[in-house]
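Visitor: I've got the viewer open. Could you walk me through the reasoning behind the labels?

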Amino acid sequence: MFRLAAYLKEYKKECILGPIFKFLEVIFELLLPTIMALIINRGISQGDFGYVLSMGGLMVLMAFCGYGSALICQRFAAQASQGFGTVLRNTVFQRILSFSYTQIEQFGAPTLTNRVTNDINQLQQWVAMMIRLVSRAPFICLGSILMSFFLDVKLALILLAATPVLALIIFYLTKNSAPLYRSYQKKLDRLGAILRENLAGVRVIRAFSKTEEETARFGKANNDLMNNGFAIGWLSSFFNPLTSLVVNLMILLILWTGGLHIDSGRLSQGQIIALINYVNQILIALLVLSNLVILLTKSMASAARINEILDTPPGLSPAFPEALPEANAPVLEFRDVSFGYHQTGDHALEHISMAIHQGETIGIIGGTGSGKSTFVNLIPRFYDVTSGSILVNGIPVTQYPLPELRRKIGIVHQQALLFSGTIAENIRWGNADAGMDEVRAAAVTAQSEEFISNLPLGYDSPVRRGGSNLSGGQRQRLTIARALVSNPEILILDDASSALDFLTDARLRQAIRANSRVQTVLLVSQRVGVVRSADRILVFEDGKLAGTGTHEALFESCETYREICLSQLSGEEAQQ
Ligand SMILES: Nc1ncnc2c1ncn2[C@@H]1O[C@H](COP(=O)(O)OP(=O)(O)OP(=O)(O)O)[C@@H](O)[C@H]1O
């Protein structure tokens, strides 16, 4: 947790001045009971009203000074904690953006969301409390004990004797509540995951009438969270009564022994009242401290979760930009590439070697789960290979700065995701500098011009988050236009036109070849009709390359390809 204090660097002034003003407030507060004792002993018992008035005025002045100091401290605490939270949130967010897909999948989106929001809020609260109260509580406790010694050494020893008992209570609470907080945060992540899954899949859940099951699943996770919260509350609930008990026992002892001393004339009534006042101040400070201990335990669990993100190195190894392109190198080459997703341990791709040359259109086909998407996702380094290497223009992809590599590659996935904004803004995601002519040209190639011009606002028509106000086919065409507008060297369509009818799909493929400056195209599909006219076809089976060649050559030589063709086309169609 102390490591995260580095993010307070810019707020050193606030972190130093805040506790100083808190300290001043404490001093003003601590002097009040002693002045009161003087008013009782000298002013009231001797009937000196001038003294009572002047000392009373001093008390009012001190109260105002204490109030002013508290306000200034509060302001510094707010500045430091808000600033700390903002800097930390930005840093954690940047680190998350540097993660590979695998790392994001390993953490899981719900926990990352909770960590950037809830956990950082928790730490932010802790910083504010540290500045405002952590210094106050020990100052008050220490100051009260010191002032009590000043009033009467024997009675003050009673206060000191209670210290180990209170320390023991604090230790017990911290030790037992820390694991409960950790599991609470995990359960909160789980609840977030269920909620996310339900919101994303709300249509499917309703279509399959699974609302009741999902409500029960959410309810179970929610109850689990509640029980954990109860356990924490139960443990914390002991703290305040126990502290009050110890402190009230002290008051009883002071009254008892103090009473005896008053009888013997060794102590005045004013001194006893002042002492009781100090003990009360200690009690209040301890109750605050107990809440701080609870907050500290929570914050420690949050800090561990934030450190886990910051300790995870960026998922993609750094680039060495000095490499030079090889002359006449293939535009894309896989050299004995194998890859496995961490969770499963199995290889999704095994020993893939192949080269693609500039200007080629490559079809990629294979059964479900055969490794087609994995193959294309490795090219822009969404994942890094487990072994072997991938080269673009003769340079290993790991040696390109990531933005440069990704500018060369335009990839469109089957799941067409758009963002809130206008249609033109969504297409410009691919190239922020694109003029309206380029946006329109990309839309024409992507076969979307017609539906866009039929909308009342044309290119300025609004797109809702995720593109929910457009049809599946319209969304797909816009994501293709978005990729085309950046004129990538390699365009990858990963089942990106699955929602288009066959004619529009064929027109799209023709237009890409004829109109755009894209030179190399990779078409991933399960449909033979989409890939058969490609210059070459790669056939995947169980993560391996089962064959490479033209439709005709593969139909003759590759068993897997022939089977796929015959399952979709008649024998005659396939051989045409
Ligand atoms: N994110 C992931 N984490 C773990 N395993 C994955 C992940 N994505 C894919 N896989 C596994 O890797 C293998 C290859 O999947 P991939 O998505 O590349 O197949 P595909 O040929 O594109 O299939 P489809 O045509 O159904 O989209 C499958 O066994 C799949 O279960």
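Visitor: What makes helix 6 and helix 10 roughly parallel?
Guide: In this predicted model, helix 6 and helix 10 pack at an angle of about 25°. Angles under 35 degrees count as roughly parallel, so the pair gets that label. Their axes are 9 Å apart.

Visitor: And which hand does the crossing have?
Guide: Helix 6 passes helix 10 in a right-handed crossing. On the helix 6 side, the contact includes Leu155, Leu159, Leu166 and Ile170, with Arg182 and Gln185 also among the residues. Helix 10 brings, among others, Leu275, Val279, Lys298 and Arg305. By class, the residues of this contact split into 15 nonpolar, four polar and three charged.

Visitor: How do you know that helix 5 and helix 6 are roughly antiparallel?
Guide: Helix 5 (residues 136–151) and helix 6 (residues 153–200) have axes that cross at roughly 155°. Anything over 145 counts as roughly antiparallel, and therefore these two qualify. The axes come within 6 Å, and the crossing is left-handed.

Visitor: Which residues meet there?
Guide: From helix 5 you have Ile145, Ser148 and Phe149, and they meet Val153, Leu155, Ala156, Leu159 and Leu160 of helix 6. That contact has seven nonpolar residues, one polar and no charged. Ser counts as polar, so Ser148 is the polar one.

Visitor: Why is helix 5 called roughly antiparallel to helix 10 as well?
Guide: Same kind of check: helix 5 and helix 10 (residues 269–311) pack at an angle of about 160°, with axes 8 Å apart. With the cut-off at over 145, that makes helix 5 roughly antiparallel to helix 10. The crossing here is left-handed. Helix 5 contributes Ala137, Ile140 and Cys141, among others, while helix 10 contributes residues including Gln271, Ala274 and Tyr278. The classes come out as 13 nonpolar, four polar and no charged.

Visitor: Moving to the ligand, what makes a residue part of its surroundings?
Guide: The C-beta atom, placed from the backbone, has to lie within 6 Å of the ligand. There are 14 residues around the ligand, and the closest are Tyr341, Ala348, Thr368, Ser373 and Thr374. Helix 11 (residues 372–377) gives the most to this shell, with three residues. The shell divides into two nonpolar residues, 10 polar and two charged.

Visitor: How do you know how far to trust the coordinates?
Guide: Where pLDDT is low, the predicted coordinates should not be read in detail. Here the chain averages a pLDDT of 85, and 95% of the residues score at least 70. Local features need a pLDDT of at least 70. The model also scores ipTM 0.95 and pTM 0.67.

Notes:
Residues numbered from 1 in each chain as written. Predicted model: local features only at pLDDT ≥ 70, side-chain atom pairs only at ≥ 80, totals over all residues. Helix = DSSP H or I, 4+ residues; strand = E, 2+ residues; numbered from the N terminus. Axes fitted to C-alpha atoms, helices over the stretch in contact; angles between N-to-C directions. Parallel < 35°, antiparallel > 145°, perpendicular 65-115°, else oblique. Left-handed = near helix turned anticlockwise from the far one by under 90°. Contact = placed C-beta atoms within 7 Å. pLDDT = per-residue confidence, 0-100.
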